[in-house]
Amino acid sequence: MAIIIVVSACTQKTTPKILVFSKTEGFRHTSIEPGVEAIKKLGTENGFEVDHTEDATLISEENLGQYNAVIFLSTTGDIFDENQQYEFQRYIQAGGGFVGIHAAADTEYNWPWYGKLVGGYFSSHPNNPNVRNANVVVIDSTHLSCNHIPHIWNLDDELYNYKDLNPDMHVLLNLDETSYEGGTNGADHPIAWTNKIEGSNMFYTGLGHTDELFSDETYLKHVLGGIQYVIGDGKKPDFTKDNVAPTLNRFQKNVLDQNLNEPMELVMLPDGDILFIERKGDMKLYSMEEKKTKVVHSFDVHTVHEDGLLGLTLDPNYKENNWIYLFNSPNIDESVQHVSRFIYKDGVVDTTSEKIVIKIPVQREECCHSAGSMEFDSHGNLLIAVGDNTNPHQSNGYSPSDGRPGREPFDARRSSANTNDLRGKILRITPTAEGSYTIPQGNLFANSSEGRPEIYVMGCRNPYRFFVDPKNDYLYWGDVGPDAGADGETRGPKGHDEVNQARKPGFFGWPLFVANNKAYFEYDFAADKPNALYDAAKPINNSPNNTGAKELPPAQEAFIYYPYEESVEFPLVGTGGRNAMAAFVYHYDDYPDSPNKLPKYYDGKLFTYDWMRGWFMAVTMNEQGDYISMERFLPNHKFSNAIDIIMNEKGEIYLLEYGTAWFSRNEDARLVQLKFSGGNRSPVPEFKVNKTIG
């Protein structure tokens, strides 16, 4: 008997089309084949076309644009690469519908966006046998997929238990766990639901494991109702909407220069030329007109360990005063870092104009962590990132807090956790015209004798790159974390990198805490045994090398954090080496007349990147700045150790890539323009040959 649901066709101008997608990279259900045939039959009987594929290369705007909805029919495992994930997300953003059947919840566990879309992930099911007889309770009897089902629906199927259920779902059917053995979700055990994700309708049913259900009239009407609900008024997806991520071929990577020697930071001058520095002391100018680079000055800097010419920024009034600021390690006997101001004009550094704005005492006996990034906020305050200047290599990748005599360079409590020390901090000062500085209101110890008034945030390890959002002066920075690959029973947590957000001054944990305030043991290196764990609510610095306050401000949790291995909280960041950085927060309306600015889709998003892993992320936040989600930016490209990134006054992106090898001149160390084309795209040449020899 044909199953037909009558739907108003007044808004349907074309015949709806559905794509059934059933690729599996894990367990393959035998019900897939009868499921495909059953859905095709439903289409024939109810006025929609059905195509079927397991070819993930068809997940693209070009192909998906013809479909009102895509059905994931018992897909399993990682069925998409990152480009295909990006394209499928664009399809949903454009208004395409989604239907998930059964093992669609056993798919793409490391893709958080998909988990939110499908509504939950498979956790377990009853075993021996896995197919059980159970009662399904109808929760919404008015829904198109349920209005024909008796209030208590008794059936045989494989009954999933779920994890990470989306709290925003609208539940249609609920499993009665008292009617069978093996349920773990309790009284609230949804088995079918709907939701609206990024403006598109979705429907999921956990039923559909057995072949027999795809010839069961009640079940097929349930699936059909879900399809018809998702199709809605029959409109095809619209990829031109503001909420749709741009196509990747709108981005063009232009290499302006390469074979650089440890590039560090860059700025764009008012005339559009780019000034950048290299660690060993060269300051270089890239001319946009001449399309070539020249050395404008070579500074004599101390380059042992990680020191050198590390930071560069322009004065907010550079057009009038021609002041630049350099964070550098002067090649002198004194162990110190300088932030110096120079006059730079017409391609010449006036070395006689140097004003040493601030001196930061350091130790040069041992490596590591110099940091050095600088940036002005919207009030003319200069922020300066300073590393913990501590050797991490003899603490086995845990907290370097060795307080024994003669071990001072191995104790980050004397720097990062010391309120009377400038290291392991992000400082905030107000430069004066005379070349000195004053202290702005709002610093951590601006009105207190408990610490140095220059400190804005403390408890940093290697705050390598940061950004101050001019809209609210929130500070974002990447902090390169410790190296332990596993939790230590007597030491504390494994290493994590962090991306931090400071809405106000505070203590961010290092070396007493890491990540979301995972606490280290206060370790007795002399006795080789742990004492108590540090308390994040009341952290105490007992180091004999501490010259500041003993009781520190409460520790603040990291905004984003991840270890070498897979991150439970942020699985999209992947695995491997870590080197977290913060780039910028994008504000679309700041660039009203620019043809190459990023699309509105990225408005308000924080851009972060990882030097080692080669990715960029766009982080979505709410109006208060709270984390909502992250997604890959340009997933089709792996960057060659991006070390600095800026957005100029036209909303265009420029970046430096450090290259493959450490402390070396690298062929893939590059100055790059990342150009977005909002209008007509640049032509991409293609060629084919039918003979490759002869």
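Two strands count as paired here if DSSP finds at least two bridges between them. With that in hand, let us walk through this model, which is predicted, starting at one strand and its partners.

Take strand β23, residues 425–431. Its partner β22, residues 382–386, runs antiparallel to β23, and five bridges join the two. To see one of these contacts, find Leu383: its bridge partner in β23 is Arg428. Strand β25, residues 455–458, also pairs with β23 in the antiparallel sense, this time over three bridges. Here Leu427 has Ile455 as its bridge partner in β25.

A further partner is β24, residues 437–438, which pairs with β23 in the antiparallel sense over two bridges. Thr430 stands opposite Thr438 in this pairing. The two strands form a hairpin with five residues between them, and in the turn you will find Gly435, with a positive phi of about 100 degrees.

How covered is β23? Seven of its seven residues are buried. Look at one side and you meet Lys425, Leu427, Ile429 and Pro431; turn to the other and you meet Ile426, Arg428 and Thr430, all of them buried. Arg428, the bridge partner of Leu383, is thus a residue to look at on that second side.

Now let us turn to the aromatic rings. A search of the whole structure finds 46 aromatic pairs. In one of them, the rings of Tyr561 and Phe570 have centres 5.3 Å apart and planes at 85 degrees; the pair is edge-to-face because planes over 60 degrees apart are classed that way. Both Tyr561 and Phe570 are buried.

Compare that with Trp611 and Tyr658, a tilted pair with 5.4 Å centre to centre and 55 degrees between the planes. This pair links distant parts of the chain, as its members are 47 residues apart. Trp611 lies in the loop between β36 (606–610) and β37 (616–621), while Tyr658 lies in the loop between β40 (653–657) and β41 (670–676). Why is Trp611 classed as buried? Its relative accessible area is 4%, and buried means under 20%. Tyr658, at 3% relative accessibility, also counts as buried.

Rings also gather in a group: one aromatic cluster includes Phe251, Phe584, Tyr601, Tyr602 and Phe607, with Phe676 among the other members.

Finally, look for charges over rings. The charged end of Arg341 sits over the ring of Trp323, 3.6 Å from its centre. Likewise, the charged end of Arg407 sits over the ring of Phe410, 3.8 Å from its centre.

Methods:
Residues are numbered from 1 along each chain as its sequence is written. This is a predicted model: local features need pLDDT of at least 70, side-chain atom pairs count only at pLDDT 80 or more; totals for chains, interfaces and linings use all residues. Side-chain values use heavy atoms; hydrogens and water are left out. Rings of Phe, Tyr and Trp (its six-membered ring) pair if their centres lie within 6.5 Å; planes under 30 degrees apart count as stacked, over 60 as edge-to-face and the rest as tilted. Buried means under 20% relative accessible area, exposed over 50%, partly exposed in between (1.4 Å probe, protein chains only). Helices (H or I, at least four residues) and strands (E, at least two) are DSSP runs, numbered from the N terminus. A charge sits over a ring if NZ of Lys or CZ of Arg is within 6 Å of the ring centre and within 35 degrees of the ring normal.
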